[in-house]
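Work through the exercises below with the coordinates open. Try each task before you read its solution.

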Amino acid sequence: MGLFGQIYRDYRRYRATGGSWVLTLFFTQGFWASTVYRVNRWAVQRLRFRPLRLLAQVFLSPLNKLTEIVTGICIPASADIGEGMYIGHFGGIFFPSRGRLGRNCSVSQGVTIGQAGTGDKRGAPTIGDRVYIGPHAIVVGKITVGDDAAVCAGAVVTRPVPPRAVVAGNPARVISYDGSFEFICYDGMEGDPARLAALAAGAYPAPTSLGAAPAPALDPTLVNTGGGAP
Ligand SMILES: CC(C)(COP(=O)(O)OP(=O)(O)OC[C@H]1O[C@@H](n2cnc3c(N)ncnc32)[C@H](O)[C@@H]1OP(=O)(O)O)[C@@H](O)C(=O)NCCC(=O)NCCS
């Protein structure tokens, strides 16, 4: 998808959650931050003529820093983020320079997604599509977070998360497999084959306590594909 397509998909996430176009364009710092990121990434990746790319960087790097200061949202151009990102509130949000976030994800205030680990185990998360990350959650390390997962407010996630899992606590444990379906809105979601397939997989039995969630239909390694990043 091209630059304008990605920005439009981001914009539509805010509209789909009820924001007017005025509110989205002029009063939503999350949309500003993702737009600057999209332009920055496009310039780094698509401008083949080196002097032109460097010239773009001269303007875009200060703009990126200014956006980070104003919005409290740090998104390096090297981060790989699918279209339809929703950031509802101000600040304290950090994306890693590596790793991946899939399509139609929602990231709340105070979220850190970052690198962790040592040696071969060092790396940043690969996060699937339609993932909800609640306020002040920390998701770090060379892990995968499956499609339709939900990370509860304040969770500290350092281990792989299966698709549809809802994880909470520090260290995070699976509390259910109800997924993020209730928390993520986007255009055409009712007819999205990937979402429908995930829903059709059915609900798994509810856990009896934190950390005791059964996952009968899931890969026991808890590693998934990372889910359709762009
Ligand atoms: C993601 C979230 C919506 C999950 O909700 P849910 O799947 O409906 O979970 P429930 O509310 O049914 O809670 C299930 C269990 O997990 C626990 N739990 C829920 N969220 C938790 C959290 N953030 N940390 C630790 N435990 C949590 C509940 O206490 C409950 O435990 P119990 O069964 O022992 O009573 C929610 O927990 C969350 O983090 N929401 C963020 C809300 C928020 O910050 N809103 C402001 C946005 S600006």
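Two strands count as paired if DSSP finds at least two bridges between them. Keep that rule at hand for the strand exercises. Note also that this is a predicted model.

**Exercise 1. Take stock of the chain.**
Task: find how many helices and strands the protein chain has, and what share of its residues counts as buried.

Solution.
- Step 1: run the assignment. The protein chain has 5 helices and 15 strands.
- Step 2: count burial. Of the 230 residues, 41% are buried.
- Step 3: look at contacts with a separation of 6 or more. Residues 24 or more positions apart supply 48% of these in the protein chain.

**Exercise 2. Analyse a hairpin.**
Task: determine how β14 and β15 run relative to each other, parallel or antiparallel. Then inspect the loop between them.

Solution.
- Step 1: locate the strands. β14 covers residues 166–168 and β15 covers residues 173–176.
- Step 2: apply the pairing rule. At least two bridges are needed, and 3 bridges join β14 to β15.
- Step 3: read the direction. The two strands run antiparallel.
- Step 4: check the register. Val-166 is opposite Ser-176 of β15.
- Step 5: inspect the turn. The hairpin has 4 residues between the strands, and Gly-169 takes a positive phi near 95 degrees.
- Step 6: check omega. The peptide bond from Asn-170 to Pro-171 is cis, with omega near -5 degrees. Pro-171 sits in the loop between β14 and β15.

**Exercise 3. Order a sheet.**
Task: give the strand order of the open sheet of 4 strands, and name its edge strands.

Solution.
- Step 1: follow the pairings. The order is β2-β5-β8-β11, and the pairing is parallel.
- Step 2: find strands that pair on one side only. These edge strands are β2 (80–81) and β11 (144–145).
- Step 3: take one pair in detail. β2 and β5 (residues 100–101) are joined in the parallel sense by 2 bridges.
- Step 4: fix the register. Ile-81 faces Leu-101 in β5.

**Exercise 4. Compare two helix packings.**
Task: classify the packing of α1 with α3 and of α3 with α4. What is the handedness of the α1 and α3 crossing, and of the α3 and α4 crossing?

Solution.
- Step 1: take α1 and α3. They pack at about 165 degrees, with axes 10 Å apart. An angle over 145 degrees counts as roughly antiparallel, so α1 is roughly antiparallel to α3.
- Step 2: assign the hand. The crossing of α1 and α3 is right-handed.
- Step 3: list the contact. From α1 come Leu-3, Gln-6, Ile-7, Asp-10, Tyr-11 and Tyr-14; from α3 come Phe-31, Ser-34, Thr-35, Arg-38, Val-39 and Trp-42. The residues of this contact divide into 7 nonpolar, 3 polar and 2 charged.
- Step 4: take α3 (residues 29–46) and α4 (residues 50–71). Their angle is about 160 degrees, with axes 10 Å apart. Therefore α3 is roughly antiparallel to α4.
- Step 5: assign the hand. The crossing of α3 and α4 is left-handed. The residues of the contact of α3 with α4 divide into 9 nonpolar, 6 polar and 1 charged.
- Step 6: sample that contact. The α3 side includes Trp-32, Val-36 and Ala-43, and the α4 side includes Leu-60, Leu-63 and Val-70.

**Exercise 5. Place Ile-7.**
Task: decide which burial class Ile-7 belongs to, and which residues Ile-7 touches beyond four places in sequence.

Solution.
- Step 1: locate the residue. Ile-7 lies in α1 (residues 3–16).
- Step 2: count neighbours. Ile-7 is partly exposed because 19 other C-beta atoms lie within 10 Å. The buried class needs 20 or more.
- Step 3: list contacts. Beyond four places in sequence, Ile-7 touches Thr-35 and Arg-38.
- Step 4: add a distance. Ile-7 and Trp-32 are 25 residues apart in sequence and 9.9 Å apart in space, C-alpha to C-alpha.

**Exercise 6. Check positive phi outside glycine.**
Task: state where His-136 and Asp-148 are found, and classify the burial of His-136 and Asp-148.

Solution.
- Step 1: His-136 has a positive phi of about 60 degrees, although it is not a glycine. His-136 is in the loop between β9 (132–133) and β10 (138–140).
- Step 2: His-136 has 16 C-beta neighbours inside 10 Å, so it counts as partly exposed.
- Step 3: Asp-148, also not a glycine, has a positive phi of about 65 degrees. Asp-148 is in the loop between β11 and β12 (150–151).
- Step 4: Asp-148 has 29 other C-beta atoms within 10 Å, so it is buried.

Conventions. Residues are numbered from 1 along each chain as its sequence is written. This is a predicted model: local features need pLDDT of at least 70, side-chain atom pairs count only at pLDDT 80 or more; totals for chains, interfaces and linings use all residues. A residue is buried if 20 or more other C-beta atoms lie within 10 Å of its own, exposed if 12 or fewer, and partly exposed in between; C-beta atoms are placed from the backbone. Two residues are in contact if their C-beta atoms, placed from the backbone, lie within 7 Å. Axes are lines fitted to C-alpha atoms, for helices over the stretch in contact, and angles run from 0 to 180 degrees between N-to-C directions. Angles under 35 degrees count as roughly parallel, over 145 as roughly antiparallel, 65 to 115 as roughly perpendicular and the rest as oblique. A crossing is left-handed if the near helix is turned anticlockwise from the far one by less than a right angle, and right-handed if clockwise. Ala, Val, Leu, Ile, Met, Phe, Trp, Tyr, Cys and Pro count as nonpolar, Asp, Glu, Lys and Arg as charged, and the others, Gly among them, as polar.
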